[in-house]
Amino acid sequence: MLYYQLRNELWKLFGKKRTYIGFGMCLLAEGLIVLLFRFANGPRRELVHQIEMMGYSSQKFVTNLTVATGVMVPVAFLLLPLYVALVGGDLMAKEAEDGTLRMILSRPISRLRLVTTKWMAGAIFSIVLVLVFGGFGIAFASLFFPSGALYGMMPVDHILAVFEQAEGWQHYIAATLMLSVNAITIMSLAWMFSCCNIKPAAATILALSLMLISRVIQDIPYFHEWQQWFFTYHLSVWMKMFEKTFPIPAIVQSVSILCGINLTFIIIGASIFQMRDIKS
């Protein structure tokens, strides 16, 4: 029964045109940045200068993996959270806004099962968006740049990623997969607010605002020793995939914390929805 309900939720979610706004804008941003790297002298010159200043050969490292990684960082920081939060904020609140929530609950389905299938649909959307985002980035970069080694500078902890081609692919794929944990967590936060009696836009804004507040406080130098207490610190775990050797203890710690945060969001959201008065 859960399978059929989840399938219906996915059909409903991917049947909405606004669901594809995130795909379209992320792919547009990636395509535009890759084209600027290829045809604008300024960005390419700066990339070559940075690589050579670090003592590496620009001919070896100006590759599809390098450009795709350079595209991934800004889009993952800015656009990806926006669109997963947009979908997460829509999941429950849109049903109430459209007046279909009471009709859904008139069927033999519990409120807990409804919120569970809604969250699962949002999680699947988040994973698909990240995979499309990562796959299109490398595919589009491969049209204009040769295959080869990977060079990248991560803004978190100033990680310098320098890998040969085979190792670079492993780290790029690992980072893309880990980014899905980031996307699911942000979606869960917006979904939690969506379970309240508010508009979809309000749920999205609340989720993004809470995330930005956490990021702002985390980045204040005086709070540096408290960084690990902010959930946005652990959202950056995907960047640790670009370290020379995977820091397994740090990755396990951050993923465990993010799983706990997701579970907390699910429990709070389900509890709020369970107590809501749907009739009035």
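Colleague: Why is Tyr56 called partly exposed?

Modeller: Happy to explain, keeping in mind that this is a predicted model. Tyr56 has a relative accessible area of 31%, and partly exposed covers the range between the 20% limit for buried and the 50% limit for exposed, so the label fits.

Colleague: And what makes the pair of Tyr56 and Phe61 edge-to-face?

Modeller: Their planes are 70 degrees apart, and edge-to-face requires over 60. The centres are 5.5 Å apart, which is within the 6.5 Å allowed for a pair. Phe61 itself is buried, because its relative accessible area of 4% is under 20%.

Colleague: How many aromatic pairs does the whole structure hold?

Modeller: A search finds 11. One of them joins Phe23 and Phe125, with centres 5.6 Å apart and planes at 90 degrees, so this pair is edge-to-face too.

Colleague: Which parts of the chain does that pair link?

Modeller: Distant ones: Phe23 belongs to helix H2 (residues 20-39) and Phe125 to helix H8 (residues 111-144), 102 residues apart. Phe14 and Tyr20 join these two in one aromatic cluster.

Colleague: Why do Phe23 and Phe125 count as buried?

Modeller: Phe23 has 11% relative accessibility and Phe125 has 0%; buried means under 20%, so the label applies to both residues.

Colleague: How do you know that the charged end of Arg38 sits over the ring of Phe39?

Modeller: The distance to the ring centre is 5.0 Å, and the limit is 6 Å, with an angle criterion of 35 degrees from the ring normal as well. Arg111 is likewise placed over the ring of Phe273, 5.8 Å from its centre.

Technical notes:
Residues are numbered from 1 along each chain as its sequence is written. This is a predicted model: local features need pLDDT of at least 70, side-chain atom pairs count only at pLDDT 80 or more; totals for chains, interfaces and linings use all residues. Side-chain values use heavy atoms; hydrogens and water are left out. Rings of Phe, Tyr and Trp (its six-membered ring) pair if their centres lie within 6.5 Å; planes under 30 degrees apart count as stacked, over 60 as edge-to-face and the rest as tilted. Helices (H or I, at least four residues) and strands (E, at least two) are DSSP runs, numbered from the N terminus. Buried means under 20% relative accessible area, exposed over 50%, partly exposed in between (1.4 Å probe, protein chains only).
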